[in-house]
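Got your viewer open and a selection box ready? Let's walk through this one stop at a time.

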Amino acid sequence: MKVEQVPLGTLKPYDGNAKKHTEEQLEAVKNSIKEFGFRNPVIAWHDQDGRAEIVAGHARCKAAQELGMDEVPVVFCDDLTDAQRRALTLVDNQTTMMTGWDEDALAYELDVLSGDFDMSDFGFDLGTVEDFAVPDDSPLEYGGVTVVAKFADVDGYRAAIDAITEAVQANGGEVSIR
């Protein structure tokens, strides 16, 4: 895969792009680019007039434009048929929207990162930790042990994980937090 630096002004948005981008999303993408750099290349192809047209990465290009960037990394997919290129435009967005979060892992990661980042800058609605806690009617079962927990704050969540880890390790077991 060859990644090329392409002048942003030469990239044409695909007129048939069905994905909508909100100002809130664009702000999160801009914050991501500012913090981490442009790490996910745009996918483009050369249309019948030879102009580079965006296949995937419309929001990244708009955010880059608003940030005043001159170039963005691009991977060209000129080897695809027109139908494949159109399908890729849809598939690239759909496959990312089909997932959810492992809520326990998310709560833990947000807690770990809270001292270094305001994750709401990247589109996370931090709300309350109860939004990420295991509901009372959905116990966590592992190795014959069932844990039912609901915490009012992240410190309670971390304390419980630490206590379980310590108890399991004291009895010769291993704990893997995912």
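pLDDT is the predictor's confidence in each residue, on a scale from 0 to 100. You'll want that in hand, since this is a predicted model. Colour by pLDDT to begin: the chain averages 83, and 76% of the residues score at least 70. Which elements sit at the two ends of the confidence range? Strand β5 (residues 140-142) has the lowest mean pLDDT of the chain's elements, at 52, while β4 has the highest, at 98. Now select residues 128-137, where pLDDT stays under 50. For that stretch the model has 21 contacts beyond four places in sequence.

**Stop one: the sheet**

Next, show the strands as cartoon. Four of them make an open sheet with mixed pairing, and reading across gives the order β1-β4-β2-β3. Select β1 (4-7) and β3 (52-56): these stand at the edges with a single partner strand each, so one side of each has no neighbour in the sheet. Looking across the sheet, neighbouring strands are turned by 55 degrees against each other on average, ignoring direction.

Zoom in on β2 (residues 42-46) alongside β3. This pair is antiparallel and held over four bridges. To find one bridge partnership, pick Trp-45, whose partner in β3 is Glu-53.

**Stop two: helices across the strands**

Keep β3 on screen and add α2 (residues 58-66). This helix lies across β2, β3 and β4 (71-76), and runs at about 120 degrees to β3. Then bring in α3 (residues 82-97), which lies across β2 and β3 at about 45 degrees to β3.

**Stop three: α1 and Glu-24**

Select α1 (residues 23-36) and pick out Glu-24 within this helix. Is Glu-24 buried or exposed? Its relative accessible area is 66%, and the cut-off for exposed is over 50%, so Glu-24 counts as exposed. Now add Asp-121 and draw a C-alpha to C-alpha distance: Glu-24 and Asp-121 are 97 residues apart along the chain, yet these atoms are separated by 9.5 Å.

**Last stop: the largest pocket**

Switch on a surface and look for the largest pocket, with about 1100 Å³ of space. Its lining counts 33 residues; to centre your view, select Gln-25, Val-29, Ala-59, Arg-60 and Thr-96, which lie nearest the middle of the pocket. Which elements supply at least two residues each to this lining? That would be α1, β3, α2 and α3. Of the contributors, α1 gives the most, with seven residues.

Definitions and conventions
Residues numbered from 1 in each chain as written. Predicted model: local features only at pLDDT ≥ 70, side-chain atom pairs only at ≥ 80, totals over all residues. Heavy atoms only, no water. Pairing = 2+ DSSP bridges. Axes fitted to C-alpha atoms, helices over the stretch in contact; angles between N-to-C directions. Contact = heavy atoms within 4.5 Å. Buried < 20%, exposed > 50% of the residue type's maximum accessible area, 1.4 Å probe, protein only. 1 Å grid on protein atoms, 1.4 Å probe; cavity = no way out; pocket = protein on both sides within 12 Å on 5 of 7 lines; lining within 4 Å. Points joined across faces, edges and corners; volume = space filled by probe spheres on them.
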